[in-house]
Amino acid sequence: MKLSLATVLALASGASAFTTPFGASPVTTRLSMSEEAAEEVAEVAEPEPEPVATYTCQSKEVTLSTPNNIEFGQMWDPLGLAEQGSDETIAWFRHAEIKHGRVAMAAFVGWWAVGAGLRLPGELATGLDFASIPSKGLEAWDAVPGWGKAQMFLFAGLIELHDELFFSRRGTHYMRGGVPGKNMVPGLYDPFGFSKNKSEEALAKGRDREIKNGRLAMIGIAGLYCAATIPGSVPLQPPC
(Lines give C-alpha, C1' and ligand atoms only; values in the text may rest on other atoms or scores of the structure.)
Protein backbone atom coordinates (compact mmCIF):
# COMPACT_ATOMS: atom_id res chain seq x y z
CA MET A 1 0.00 0.00 0.00
CA LYS A 2 2.79 2.40 0.88
CA LEU A 3 4.51 1.48 -2.42
CA SER A 4 1.43 2.16 -4.50
CA LEU A 5 0.82 5.51 -2.75
CA ALA A 6 4.40 6.61 -3.42
CA THR A 7 4.05 5.60 -7.04
CA VAL A 8 0.89 7.69 -7.46
CA LEU A 9 2.52 10.75 -5.88
CA ALA A 10 5.58 10.41 -8.13
CA LEU A 11 3.45 10.19 -11.25
CA ALA A 12 1.41 13.21 -10.19
CA SER A 13 4.48 15.34 -9.54
CA GLY A 14 6.06 14.29 -12.87
CA ALA A 15 2.94 15.22 -14.81
CA SER A 16 2.84 18.68 -13.22
CA ALA A 17 6.22 19.45 -14.79
CA PHE A 18 4.65 19.39 -18.25
CA THR A 19 1.81 21.79 -17.44
CA THR A 20 1.91 25.61 -17.49
CA PRO A 21 1.53 27.56 -14.27
CA PHE A 22 -1.94 28.83 -13.43
CA GLY A 23 -2.73 32.19 -15.02
CA ALA A 24 0.29 32.22 -17.37
CA SER A 25 -0.38 32.51 -21.12
CA PRO A 26 1.62 30.32 -23.50
CA VAL A 27 4.62 31.83 -25.24
CA THR A 28 3.39 30.67 -28.62
CA THR A 29 0.17 32.64 -28.15
CA ARG A 30 2.10 35.85 -27.43
CA LEU A 31 4.24 35.39 -30.54
CA SER A 32 1.29 34.72 -32.79
CA MET A 33 -0.54 37.80 -31.47
CA SER A 34 2.57 39.90 -32.09
CA GLU A 35 2.79 38.75 -35.70
CA GLU A 36 -0.88 39.46 -36.30
CA ALA A 37 -0.51 42.95 -34.86
CA ALA A 38 2.49 43.65 -37.11
CA GLU A 39 0.53 42.57 -40.16
CA GLU A 40 -2.35 44.85 -39.21
CA VAL A 41 0.01 47.82 -38.75
CA ALA A 42 1.65 47.12 -42.11
CA GLU A 43 -1.76 47.09 -43.81
CA VAL A 44 -2.92 50.32 -42.15
CA ALA A 45 0.35 52.29 -42.65
CA GLU A 46 0.23 54.67 -45.62
CA PRO A 47 3.23 55.59 -47.77
CA GLU A 48 4.91 58.86 -46.85
CA PRO A 49 4.10 61.72 -49.24
CA GLU A 50 6.90 62.91 -51.50
CA PRO A 51 8.55 66.14 -50.37
CA VAL A 52 7.21 69.22 -52.10
CA ALA A 53 9.72 71.75 -53.43
CA THR A 54 9.59 75.02 -51.52
CA TYR A 55 11.11 77.04 -54.36
CA THR A 56 10.21 77.97 -57.91
CA CYS A 57 13.06 77.93 -60.39
CA GLN A 58 12.89 80.30 -63.32
CA SER A 59 11.27 78.36 -66.16
CA LYS A 60 13.46 77.40 -69.09
CA GLU A 61 11.09 79.24 -71.43
CA VAL A 62 11.87 82.47 -69.58
CA THR A 63 15.60 81.67 -69.46
CA LEU A 64 15.77 80.94 -73.19
CA SER A 65 13.62 83.91 -74.18
CA THR A 66 16.64 86.21 -73.95
CA PRO A 67 18.70 87.39 -75.67
CA ASN A 68 16.96 87.77 -79.02
CA ASN A 69 18.05 85.59 -81.93
CA ILE A 70 17.93 88.02 -84.84
CA GLU A 71 21.34 86.77 -86.05
CA PHE A 72 20.02 83.25 -86.80
CA GLY A 73 16.29 83.92 -86.86
CA GLN A 74 15.81 81.30 -84.15
CA MET A 75 17.63 79.83 -81.19
CA TRP A 76 20.75 78.00 -82.38
CA ASP A 77 20.52 74.58 -80.78
CA PRO A 78 21.16 71.92 -83.48
CA LEU A 79 21.47 69.09 -80.93
CA GLY A 80 18.29 70.01 -79.08
CA LEU A 81 20.04 70.19 -75.71
CA ALA A 82 17.60 72.80 -74.42
CA GLU A 83 14.74 70.31 -74.72
CA GLN A 84 16.43 67.63 -72.62
CA GLY A 85 16.97 69.48 -69.36
CA SER A 86 14.74 70.66 -66.54
CA ASP A 87 14.28 74.28 -65.50
CA GLU A 88 17.16 73.92 -63.04
CA THR A 89 19.42 72.41 -65.73
CA ILE A 90 18.78 75.24 -68.19
CA ALA A 91 19.36 77.83 -65.44
CA TRP A 92 22.70 76.14 -64.66
CA PHE A 93 23.60 76.13 -68.38
CA ARG A 94 22.84 79.84 -68.69
CA HIS A 95 24.85 80.67 -65.57
CA ALA A 96 27.80 78.66 -66.89
CA GLU A 97 27.50 80.28 -70.34
CA ILE A 98 27.67 83.77 -68.89
CA LYS A 99 30.68 82.90 -66.73
CA HIS A 100 32.53 81.31 -69.64
CA GLY A 101 31.73 84.35 -71.74
CA ARG A 102 33.24 86.65 -69.12
CA VAL A 103 36.41 84.57 -68.91
CA ALA A 104 36.63 84.47 -72.71
CA MET A 105 36.26 88.25 -72.96
CA ALA A 106 39.05 88.76 -70.43
CA ALA A 107 41.26 86.21 -72.20
CA PHE A 108 40.67 87.75 -75.62
CA VAL A 109 41.48 91.26 -74.39
CA GLY A 110 44.59 89.97 -72.62
CA TRP A 111 45.78 88.11 -75.74
CA TRP A 112 45.18 91.20 -77.87
CA ALA A 113 46.96 93.51 -75.38
CA VAL A 114 50.06 91.29 -75.28
CA GLY A 115 50.11 91.04 -79.07
CA ALA A 116 49.74 94.82 -79.41
CA GLY A 117 52.82 95.35 -77.23
CA LEU A 118 51.05 96.75 -74.19
CA ARG A 119 52.91 96.00 -70.94
CA LEU A 120 52.50 96.85 -67.30
CA PRO A 121 55.41 98.56 -65.54
CA GLY A 122 57.59 96.69 -63.07
CA GLU A 123 58.21 92.99 -62.63
CA LEU A 124 55.89 90.05 -63.12
CA ALA A 125 58.16 87.97 -60.87
CA THR A 126 61.61 88.29 -59.38
CA GLY A 127 63.99 88.85 -62.28
CA LEU A 128 61.18 88.87 -64.88
CA ASP A 129 60.04 92.25 -66.15
CA PHE A 130 56.67 92.70 -67.82
CA ALA A 131 58.54 94.31 -70.71
CA SER A 132 60.38 91.05 -71.42
CA ILE A 133 57.21 88.98 -71.92
CA PRO A 134 56.88 87.67 -75.52
CA SER A 135 54.22 89.17 -77.75
CA LYS A 136 52.55 85.90 -78.73
CA GLY A 137 49.78 84.70 -76.46
CA LEU A 138 50.87 81.15 -75.64
CA GLU A 139 54.53 82.15 -75.40
CA ALA A 140 53.56 84.87 -72.93
CA TRP A 141 51.65 82.29 -70.87
CA ASP A 142 54.63 79.94 -70.89
CA ALA A 143 56.82 82.77 -69.58
CA VAL A 144 54.72 83.10 -66.43
CA PRO A 145 56.32 81.16 -63.53
CA GLY A 146 54.50 78.13 -62.18
CA TRP A 147 53.62 79.83 -58.89
CA GLY A 148 52.15 82.73 -60.82
CA LYS A 149 49.87 80.37 -62.75
CA ALA A 150 48.91 78.67 -59.48
CA GLN A 151 47.91 82.03 -58.01
CA MET A 152 45.68 82.75 -61.00
CA PHE A 153 43.89 79.41 -60.70
CA LEU A 154 43.55 79.83 -56.93
CA PHE A 155 42.07 83.29 -57.35
CA ALA A 156 39.59 82.01 -59.94
CA GLY A 157 38.63 79.14 -57.63
CA LEU A 158 38.01 81.51 -54.71
CA ILE A 159 35.80 83.67 -56.89
CA GLU A 160 33.77 80.63 -57.93
CA LEU A 161 33.47 79.36 -54.36
CA HIS A 162 32.36 82.69 -52.91
CA ASP A 163 29.97 83.31 -55.78
CA GLU A 164 28.10 80.09 -54.91
CA LEU A 165 28.39 80.85 -51.20
CA PHE A 166 26.96 84.36 -51.47
CA PHE A 167 24.25 83.15 -53.85
CA SER A 168 23.03 80.78 -51.14
CA ARG A 169 23.41 83.13 -48.15
CA ARG A 170 22.85 86.65 -49.48
CA GLY A 171 20.33 86.09 -52.22
CA THR A 172 18.25 83.57 -54.12
CA HIS A 173 20.28 80.88 -55.87
CA TYR A 174 20.00 80.86 -59.65
CA MET A 175 18.68 77.28 -59.51
CA ARG A 176 16.09 78.25 -56.88
CA GLY A 177 14.47 81.20 -58.60
CA GLY A 178 17.36 83.67 -58.77
CA VAL A 179 18.76 85.32 -61.89
CA PRO A 180 21.37 83.17 -63.72
CA GLY A 181 24.64 84.99 -64.32
CA LYS A 182 24.22 87.55 -61.56
CA ASN A 183 27.51 88.25 -59.82
CA MET A 184 27.34 87.88 -56.04
CA VAL A 185 30.98 88.58 -55.11
CA PRO A 186 31.15 92.10 -53.63
CA GLY A 187 33.36 94.51 -55.54
CA LEU A 188 34.20 92.10 -58.34
CA TYR A 189 31.82 93.50 -60.93
CA ASP A 190 30.89 97.15 -61.22
CA PRO A 191 32.84 98.28 -58.12
CA PHE A 192 31.93 101.92 -58.82
CA GLY A 193 28.20 101.21 -58.92
CA PHE A 194 27.49 102.48 -62.45
CA SER A 195 24.51 100.14 -62.79
CA LYS A 196 23.07 100.95 -59.39
CA ASN A 197 20.51 103.50 -60.60
CA LYS A 198 19.67 101.85 -63.92
CA SER A 199 16.14 100.72 -64.65
CA GLU A 200 15.26 97.03 -64.86
CA GLU A 201 14.80 97.40 -68.62
CA ALA A 202 18.30 98.85 -69.01
CA LEU A 203 19.77 96.10 -66.83
CA ALA A 204 18.03 93.41 -68.92
CA LYS A 205 19.40 94.97 -72.11
CA GLY A 206 22.88 95.00 -70.60
CA ARG A 207 22.61 91.31 -69.68
CA ASP A 208 21.58 90.46 -73.23
CA ARG A 209 24.57 92.35 -74.64
CA GLU A 210 26.89 90.63 -72.20
CA ILE A 211 25.67 87.19 -73.29
CA LYS A 212 26.15 87.99 -76.97
CA ASN A 213 29.57 89.56 -76.45
CA GLY A 214 30.58 86.56 -74.36
CA ARG A 215 29.54 84.15 -77.11
CA LEU A 216 31.54 86.11 -79.65
CA ALA A 217 34.55 86.20 -77.31
CA MET A 218 34.41 82.41 -76.86
CA ILE A 219 34.56 82.00 -80.62
CA GLY A 220 37.34 84.60 -80.81
CA ILE A 221 39.60 83.08 -78.15
CA ALA A 222 39.06 79.62 -79.66
CA GLY A 223 40.13 81.01 -83.02
CA LEU A 224 43.27 82.60 -81.55
CA TYR A 225 44.20 79.35 -79.81
CA CYS A 226 43.70 77.30 -82.97
CA ALA A 227 45.70 79.78 -85.02
CA ALA A 228 48.56 79.62 -82.51
CA THR A 229 48.65 75.82 -82.26
CA ILE A 230 47.65 74.78 -85.79
CA PRO A 231 49.22 77.08 -88.41
CA GLY A 232 46.84 77.91 -91.26
CA SER A 233 43.74 76.63 -89.42
CA VAL A 234 42.19 80.13 -89.30
CA PRO A 235 42.11 81.88 -92.71
CA LEU A 236 43.53 85.41 -92.89
CA GLN A 237 44.73 85.21 -89.28
CA PRO A 238 48.31 86.49 -88.84
CA PRO A 239 50.66 84.71 -86.41
CA CYS A 240 49.55 85.32 -82.86
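This tour moves from the whole protein chain to one helix, then to a nonpolar core, and ends at a single loop residue.

Begin with the whole chain selected, keeping in mind that this is a predicted model. The protein chain holds seven helices and two strands, and if you colour by secondary structure and follow the elements from the N terminus, they run α-α-α-α-β-β-α-α-α. With a surface switched on, the accessible area of the protein chain comes to about 18100 Å², of which 64% belongs to carbon and sulfur atoms. Of the 240 residues, 19% count as buried. If you display contacts between residues at least 6 apart in sequence, 57% of them join residues at least 24 apart.

Next, select residues 146-170, which form helix α6. This helix has 25 residues, and the distance from its first C-alpha to its last is 35 Å, close to the 36 Å expected at 1.5 Å a residue. Show side chains for K149, D163, F166 and F167, since these are the places in α6 to look for burial: each of the four is buried. Extending the selection to α4 and to α5 (137-143) brings in the elements against which the buried residues of α6 pack.

Now clear the view and select A104, W111, A217, I221, L224, A227 and C240, the seven residues that make up the largest nonpolar core. Adding α4 (87-115) and α7 (200-229) as ribbons shows two helices that each supply at least two residues of this core, and the largest share, four residues, comes from α7.

Stay with this core and centre on A227, one of its members. Leaving aside residues up to four places away in sequence, A227 touches S233, V234, Q237 and C240; C240 in that list is also part of the core.

For the last stop, go to S195, which lies in the loop between α6 and α7. Is S195 buried, exposed or partly exposed? Its relative accessible area is 25%, and because buried means under 20% and exposed means over 50%, S195 counts as partly exposed. With residues up to four places away in sequence set aside, S195 touches D190 and L203. To finish, draw a distance between the C-alpha atoms of S195 and G206: these residues are 11 apart along the chain, and the separation is 9.5 Å.

How values were computed: Residues are numbered from 1 along each chain as its sequence is written. This is a predicted model: local features need pLDDT of at least 70, side-chain atom pairs count only at pLDDT 80 or more; totals for chains, interfaces and linings use all residues. Side-chain values use heavy atoms; hydrogens and water are left out. A nonpolar core is a set of buried Ala, Val, Leu, Ile, Met, Phe, Trp, Tyr and Cys residues joined through side-chain atoms within 4.5 Å. Buried means under 20% relative accessible area, exposed over 50%, partly exposed in between (1.4 Å probe, protein chains only). Contact means heavy atoms within 4.5 Å. Accessible areas come from the Shrake-Rupley method with a 1.4 Å probe; for residues, only the protein chains shown count as cover. The expected span of a helix is 1.5 Å times one less than its number of residues.
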